[in-house]
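Student: Please take one part of this fold and go through it closely. Start with the pairing, then move outwards.

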Amino acid sequence: MLFRINNAWKSYGGNEILKGVSFQVNPSEKVGLVGRNGAGKTTVFRLITGQEAPDEGEVIKMNGLTLGLLDQHVDFGNAETVHTAALSAFKEIHDIEAEMRQLEKQMETDHSDAVLERYADLQTAFEHADGFSYAARAEAVLLGMGFPSEKWADDVRTLSGGQKNRLGMVRLLLSNSDVLLLDEPTNHLDTDAVEWLEEFLKSYDKTYVVVSHDRYFLDRTTNRVIEIDRGVAVTYKGNYSKYLEERELRREQQLREYENQQALINKTQEFIRRNLEGQKTKQAKSRRTLLARMDRIEAVTSEKSGGNFGLRQVERTGNNVLTAEDLTIGYENKVLATKLNFSLHRGDALGIIGGNGTGKTTLIKTILGNIRELDGKIHWGTKTNIGYYSQNLEGLEPRNEVVQELRRVAPMADNNTLRGFLAKFLFLGEDVFKPVSALSGGEKGRLALAKLIYSQKNVLILDEPTNHLDIPSRESLENALEEYDGTIIVVSHDRFFLDKIASQMLSFEPDGRVLDFAGNYTEFHDWKLNSTPAISAAVSKNGNAGRSQSSESSTTSTLSKNQRNELEKRIRVIETEIPALELEASKLTSTIALPKVAADYGKLAEATEKLTTIEARIQALYDEWSVAADQLR
């Protein structure tokens, strides 16, 4: 046992946060601490470190236990460089070195046994403390956390807040503490640094407890999950995915127990009501006493994925929703990406990833038409109705109540319908009457997403939608998007979210390439990790990954001027025919839905056959358009 929390209670201003939390952490355990925002995770950390004491209960620690805490705000001494700040984690080694240097100077004139023995002891301690390799270890961690060697001499006072937090993480990882307490360690880290940290922690031979909203990170780095739920701690074996499975099973069991107890209570109350004044008065009083002493099971709701959001089906777009041809994006003085080629079909979900400044948001602005493309073409398909979610949360009216704000996109909906939908985004009970101005950042994010999804746009463009959301809110968003029938384009660093939602990935790479891959994040990550140098070399700069590269030579054929003119003319004709046919298909769909047609088998069969023919023709035209466009490249 490293430490144990026994029946800890903690309240602030009369608000009970912890209501009897108990758990124990043992050597070599890798623990994820999860729960809703405000559940008490940070309070648990404060109890462990001794920054606060429980109102009731106790915290027991192993003698001599050393704790390393990653604070959200990190301070360094004056005149420290990045390199010396990292090396400051090795104070014990530095003290040994300093005494060894003193003894070496003393030994120039003093050769006594006591001095020689002390020096030998220090040499042994220096070796046991990895004194010969600590500098190399520090430099390896600096590199992994995104500090290249040319930055090591920088004064820490010149670093940004995010860089200081990363440097604090470096110092903590080198501290050799018995237990690391990591509070949102992936904040301020790019994808490469997060993946490096995951590998570091997987091979770490000591214990850590981590609080994180990054579920993919928790999945890869934990072997035990402790959930703080309604003031108590519930422990699950395994990583985050295993926890999700076990949590659902446990909640289903609790729900059954609650329903059985409620049935017993109702039956007992009915017996008391009928017999309290009759011949069985004594039995009725005994049962009333039994009810008074009964430990009541709290109501619990299942959080199984895929809950019904009551979404109406969005209007169908054309089959081809968005096509980018040889697209170059950026600004007049700075090109960010060139020769982008990708396409989205109806129902696809494109996940966009990459480091800061690589072009993700610029691509979004370009396809939205907010800035012009530098070169190439963007083709939006027919009947697209685009909704945009900005991480800056523009478009919320602060004077409105939550339910009034949702009504802005559904003026005719009744209150019960709107409140039911808001409940799916965790606005429960009286929360729907809160003014928007009083909402937290996470609550505003949930409301903006609820509005966008309820507005029935058939194309959603989402810029970091999971920022500011806790894990239950992210799960609610995923559930809604899994039901959504339209097309999604999402910029996100949330890899767990991308695994659930994305069917296609666009990755802005550090070397300037943009890789287009058919699959979710994990499939893309595994493909990239396992690609041989030969495969990697076959991916041209800003070309496509995970797709056939052989098409490049076949589509770059030499065409005469007349051939090009004929192809361009045919493309214009197709682009006129497709909208007309899709309008006809839409009318036929409405006709088939009429009761009088549905009741007449002959009319129904005729309309259905005609609709099938038109849809086949539309698909053939899209295919012809795609071939012709490829030949013109």
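**The sheet and its surroundings**

Tutor: Strand E10 (residues 320-331) pairs with E13 in the antiparallel sense, over five bridges. Strands here are DSSP runs of E, at least two residues long, and helices are runs of H or I, at least four, numbered from the N terminus. Two strands pair if DSSP finds at least two bridges between them. The model is predicted: local features need pLDDT of at least 70, side-chain atom pairs count only at pLDDT 80 or more, and totals for chains, interfaces and linings use all residues. Residues are numbered from 1 along each chain as its sequence is written, and side-chain values use heavy atoms, with hydrogens and water left out.

Take one bridge. Threonine 323 has histidine 379, in E13, as its partner.

Now the whole sheet. It is open, has three strands and runs in the order E11-E10-E13, with antiparallel pairing. Its edges are strand E11 (334-345) and strand E13 (375-380), each pairing on one side only. From one strand to the next, the twist averages 15°.

A helix covers this arrangement. Helix H11 (residues 360-368) lies across E10, E11 and E13 (contact: heavy atoms within 4.5 Å). H11 runs at about 120° to E10. Such angles are taken between N-to-C directions, from 0 to 180 degrees, with axes fitted to C-alpha atoms, for helices over the stretch in contact.

To recap, E10 pairs with E13 over five bridges, the strand order is E11-E10-E13, and H11 lies across E10, E11 and E13.
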